[in-house]
Amino acid sequence: MDSEKSEWRSDVLNRLQNKYGSLYRRDNVILSGTHTHSGPAGYFQYTVFVIASEGFSNQTFQHMVTGILKSIDIAHANMKPGKLFINKGNVDGVQINRSPYSYLQNPQSERARYSSNTDKEMVVLKMVDLNGDDLGLISWFAIHPVSMNNSNHLVNSDNVGYASYLFEQEKNKGYLPGQGPFVAAFASSNLGDVSPNILGPHCINTGESCDNPNSTCPIGGPSMCIAKGPGQDMLDSTQIIGRTMYQRAKELYASASQEVTGPLASAHQWVNMTDVIVWLNSTHAAKTCKPALGYGFAAGTIDGVGSLNFTQGKTEGDPFWDTIRDQILGKPSEEIKECHKPKPILLHTGELSKPHPWHPDIVDVQIINLGSLAITAIPGEFTTMSGRRLREAVQAEFASHGMQNMTVVISGLCNVYTHYIATYEEYQAQRYEAASTIYGPHTLSAYIQLFRNLAKAIATDTVADLSRGPEPPFFKQLILPLIPNIVDRAPIGRTFGDVLQPAKRKYRVGEVAEVIFVGANPKNSVQNETHQTFLTVEKYEATSTSWQIVCNDASWETRFYWHKGLLGLSNATVEWHIPDTAQPGIYRIKYFGHNRKQDILKPAVILSFEGTSSAFEVVTT
């Protein structure tokens, strides 16, 4: 597969330049993931990230780039003069630290300055037009979107996405999810060691707590140690945590009175993170390393355990796994092993380049200033204390050049993904976050140095003198997806979209309406955008004798399942979990799909189809 460009940020920036000239550039555009573990994969060019998706998916990649550009185009077209307001406040009862033993490695004197081992503060940036009418918000808060656990197979946006959904549904009355003018963005922050599964880690076989340095259970080991959220199941937990965040953001938004004023500024550099000299003090220097993942990475976390019974907090390797790795991938060099100590290296990704580099060497560092607000674009997941140290250092740097009282926010998962960034002290314990700190023990110190440098350039008006740094590479021949595209088939005597299991004639609110259709691979729909949704729920309006759409596939009360059969046969199941708020009346469910068809000696074509259920009645209890 030959992708024109497979580095998605560069692809977005190139297309923006073609359309808008020098208006949107590498220094003033941040791509920040709101973050979910329930999304499509295979769009990131480095080998580690396309193993799980069994290859690079150009469809997913192009779709994401197009979607990002479309959202920028819409925002550009709707741009108007307005005002910014900032507000801050704590959100309680939604987080725990999932590596408290790592946090305790940080100096007592430092920990004593904070009342909690997570950052509870939410920062809300409110946007209104000159009439004071609402336009949108960005909220930064440190929480992992892992309320949905790794047994989930449905694409969804987890707790932060649910918070965003609730806020937008409230402000965009009468619009379907994902439509309407008001945008509520819930952005990532220093969430590296923060879990929303607030009941804490327990052994799923015995019920006892496994809140210990290795997150392991007496019977069954680490794979039994899992943290649960406050709800009855993961969807319930997602909604409880998401609703709490939404409600707090709504309060902070409503009461925001501090206006953000002052000049705009931005600075960006590419940095080779494998080779940064870090000055620890005026006489001693250390160095970052080529990337590598430790044994604790394979253990996973209490939010999602690994499948091979690896343990967090291991500071020595295992001869069995070392031998397998050496046989398949070759031995890590003495240099990389020495550099990463005390991390026992499981995967020496920085020395693996077949078929492409396994991890990025070139990383983005970037700051955007909106008056007194500095947004630091972090290319990964900072732990709580890492975030505190960086914020403090950047704030002090601004202050030393005459810019007092800056608010510095950590915006996580920006521009490129480099796993986690633990503090030097947390690194010594080698739990998951430390084992996933890929550039070695001095990674955080390197970032602090780099971001201070950007802050200094902004404060002293010397951004023009910053070096661009080395551009990230483009890989041409990416790993072909191992999952073949096969032709879709309908059962004999049936056609795509036919109803196999009809709806019942009547439902009460609170029940689930379910319809099964003759289906086709949903991946086909990425290539052919005839329909913007896989499903609709529609209500009959007698006055206009027409069907009105009340839900789409982004609505939280709908579910879309695809069940793959043999030889291209498949079923699609649409569920509508009828909410208590549903109006009584006549409804129907529609399914929209695309099937792949191929005649002998001709190229494959993608054809759109739809299926419609029989009408059914919804009554209140």
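Which residues in α6 meet which residues in α7? The first legend answers this, and the others move on to further close-ups. The model is predicted, so local features need pLDDT of at least 70 and side-chain atom pairs count only at pLDDT 80 or more, while totals for chains, interfaces and linings use all residues. Residues are numbered from 1 along each chain as its sequence is written, and side-chain values use heavy atoms, with hydrogens and water left out.

**View 1. Helices α6 and α7 cross at roughly 50°.** Here α6 covers residues 158-171 and α7 residues 234-254, and their axes come within 7 Å. (Helices are DSSP runs of H or I with at least four residues, strands are runs of E with at least two, and both are numbered from the N terminus; axes are lines fitted to C-alpha atoms, for helices over the stretch in contact, with angles from 0 to 180 degrees between N-to-C directions.) That crossing angle makes α6 oblique to α7; angles under 35 degrees count as roughly parallel, over 145 as roughly antiparallel, 65 to 115 as roughly perpendicular, and the rest as oblique. The crossing of α6 and α7 is right-handed, meaning that the near helix is turned clockwise from the far one by less than a right angle. On the α6 side look for Asp158, Asn159, Val160, Tyr162, Ala163, Leu166, Phe167, Glu170 and Lys171, which meet Thr238, Gln239, Ile241, Gly242, Arg243, Met245, Tyr246, Ala249, Lys250 and Tyr253 in α7; contact means heavy atoms within 4.5 Å. By class, ten of these residues are nonpolar, four polar and five charged. (Ala, Val, Leu, Ile, Met, Phe, Trp, Tyr, Cys and Pro count as nonpolar, Asp, Glu, Lys and Arg as charged, and the others, Gly among them, as polar.)

**View 2. Helix α1 packs with helix α3 at an angle of about 40°.** The axes of α1 (residues 8-20) and α3 (residues 58-77) are 10 Å apart, and the two helices are therefore oblique to each other. Their crossing is right-handed. Among the contact residues are Trp8, Val12 and Leu16 of α1, and Phe61, Met64 and Ile68 of α3. The contact has ten nonpolar, three polar and four charged residues.

**View 3. Helices α11 and α14 pack at about 30°.** With axes 9 Å apart, α11 spans residues 384-400 and α14 residues 443-459. The angle makes α11 roughly parallel to α14, and the crossing is right-handed. Contact residues include Leu390, Val394 and Phe398 of α11, with Tyr447, Phe451 and Ile458 of α14. Eleven nonpolar, one polar and four charged residues make up this contact.

**View 4. Domain 1 meets domain 2.** An automatic or database assignment gives domain 1 as 8-273 + 359-465 and domain 2 as 498-619. Their centres, taken over C-alpha atoms, are separated by 34 Å. The contact takes 15 residues from domain 1 and 16 from domain 2. Together the domains bury about 1200 Å², 64% of it on carbon and sulfur atoms; this is the accessible area (1.4 Å probe) that two parts lose on being put together, summed over both. Gln59, Leu154 and Leu176 of domain 1 lose the most area to domain 2, together 43% of what that side buries.

**View 5. Loops hold cis peptide bonds before Pro342 and Pro355.** Most residues other than glycine have a negative phi, and most peptide bonds are trans. The bond from Lys341 to Pro342 has omega near 5°, and Pro342 is found in the loop between α10 (334-340) and β16 (345-347). Between Lys354 and Pro355, omega is about -10°; Pro355 sits in the loop between β16 and β17 (362-370). Leu413, although not a glycine, has a positive phi of about 55°, and lies in the loop between β20 (407-411) and β21 (420-421).
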